[in-house]
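I set out below, entry by entry, what I looked up in this structure. The order follows the elements as I came to them.

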Amino acid sequence: MSRIGKLAIKLGDKTKVNVANQQVNFEGPKGKLSVKLPAKVKVEVKDGQVTVQREDDSREARSLHGLTRTILANAAKGVSTGFEKRLDIRGVGFRAEVKGKAIHFSLGYSHPVVFNLPEGVTAEVDKVSRTEDSLPTVGLTLRSADKESLGATAVNIRSLRPPEPYKGKGIKYAEERIRRKEGKTGTT
């Protein structure tokens, strides 16, 4: 039995779940999500808890058991509390501005970069702060009920200007550590 798969998912007070035709629909204060179930997995809802069971002990069913439970747990948490991902934009002149459903970046290129946010993802720009190496840092906070689309959005934004190893300029995750290189010394 899968250690993760056999755990029950506890639902929040305002979270509603509906199971119909291999589709699980979650509804809560942060939005609505629906998860399509694989063929070898069944879901039951009892007493404010969701349990995942597999039909047989085939290799495929065992591999999908824990995965399905984790995806359903993420959906339940997303509609009740939501997810948040922080990015840091470091560099002189690097800026971000949210305009409607798009983020306008100034990343040192000859043109501004416009990134359109997917449905369900919101963004907020924090104040500029200085770090220990005097590079200005702008914080960008992404929020969504869907963990998968939030992560994909963060990856796409980071790829606009990945951090470089010499000064650490670029877009990085807030918790990410950049391995720094020393650079040229110029001795003769």
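**Entry 1: the pocket.** I began with the lining of the largest pocket, to which strand 4, strand 7 and strand 12 each supply at least two residues. I noted that strand 4 gives the largest share of this lining, three residues. The model is a predicted one. I then looked up the size of the lining: it has 17 residues, and Lys30, Gly120, Ser144, Ala145 and Asp146 lie nearest the centre of the pocket. The computed space in the largest pocket is about 260 Å³.

**Entry 2: Gly120.** I followed up one of the residues nearest the pocket centre, Gly120. I located Gly120 in the loop between strand 10 and strand 11 (122-130). Is Gly120 buried, partly exposed or exposed? I recorded a relative accessible area of 45% for Gly120, which lies between the 20% and 50% limits, so the residue counts as partly exposed. Leaving aside neighbours within four places in sequence, I found Gly120 in contact with Lys101, Arg143, Ser144 and Ala145. Of these contacts, Ser144 and Ala145 also lie nearest the pocket centre. I also took a distance from Gly120 to Ser106: the C-alpha atoms are 24 Å apart, with the two positions 14 residues apart in sequence numbering.

**Entry 3: the largest core.** I next looked up the largest nonpolar core and found 21 residues in it, with Ile89, Ile103, Phe105, Leu140, Leu142 and Ile157 making the most contacts inside it. At least two residues of this core come from each of strand 7 (83-90), strand 9 (102-106), strand 10 (113-116), strand 12 (136-144), helix 2 (147-158) and strand 13 (170-173). I then listed the contacts of Phe105 beyond four places in sequence: Ile89, Arg95, Ala96, Pro112, Val113, Phe115, Leu140, Ile157, Leu160 and Ile171. Apart from this core I found another, of 17 residues, among them Ile9, Val41, Val52 and Ala73.

**Entry 4: Thr153 and His104.** I looked at Thr153, a residue of helix 2. Its relative accessible area is 3%, so I entered Thr153 as buried. Beyond four places in sequence, Thr153 touches Phe115, Leu117, Pro118, Val121 and Leu142. In strand 9 I looked up His104. With a relative accessible area of 25%, His104 is partly exposed. I found that His104 touches Arg95, Ala96, Glu97, Lys99, Val113 and Val114, again without residues up to four places away. Between His104 and Gly82, 22 residues apart in sequence, I noted a C-alpha distance of 24 Å.

**Entry 5: helix 1.** I checked the length of helix 1 (residues 59-80) against expectation. At 1.5 Å a residue its 22 residues should span 32 Å, and the end C-alpha atoms are 33 Å apart, so the two agree. I noted a bend of about 30° at His65 in this helix. Which residues of helix 1 are buried? I listed Ala61, Leu64, His65, Gly66, Thr68, Arg69, Leu72, Ala73, Ala75, Ala76, Gly78 and Val79. An α-helix has 3.6 residues a turn, so residues three or four places apart point the same way. The cover over the buried residues of helix 1 includes strand 1 (9-10), strand 3 (23-28), strand 4 (31-36), strand 5 (41-46), strand 6 (49-54) and strand 7. After helix 1 comes Gly82, with a positive phi near 85°.

**Entry 6: Val50.** I placed Val50 in strand 6. The relative accessible area of Val50 is 1%, and I therefore entered this residue as buried. Its contacts beyond four places in sequence are Ala8, Ile9, Leu11, Val17, Val43, Glu44 and Val45. I took a further distance, from Val50 to Thr185: their C-alpha atoms are 60 Å apart, and the residues are 135 places apart along the chain.

**Entry 7: positive phi outside glycine.** Most residues other than glycine have a negative phi. I looked up two residues with a positive value. Asn21, in the loop between strand 2 (16-20) and strand 3, has a phi of about 50°. Asn21 is exposed, at 77% relative accessible area. Asp47 lies in the loop between strand 5 and strand 6, and its phi is near 50°. At 79% relative accessibility, I entered Asp47 as exposed.

Note on methods:
Residues numbered from 1 in each chain as written. Predicted model: local features only at pLDDT ≥ 70, side-chain atom pairs only at ≥ 80, totals over all residues. Heavy atoms only, no water. Core = buried A, V, L, I, M, F, W, Y, C linked by side-chain atoms within 4.5 Å. Buried < 20%, exposed > 50% of the residue type's maximum accessible area, 1.4 Å probe, protein only. Helix = DSSP H or I, 4+ residues; strand = E, 2+ residues; numbered from the N terminus. Contact = heavy atoms within 4.5 Å. Expected span 1.5 Å × (residues − 1). Bend = angle between axes of the 7 residues up to and from the residue. 1 Å grid on protein atoms, 1.4 Å probe; cavity = no way out; pocket = protein on both sides within 12 Å on 5 of 7 lines; lining within 4 Å. Points joined across faces, edges and corners; volume = space filled by probe spheres on them.
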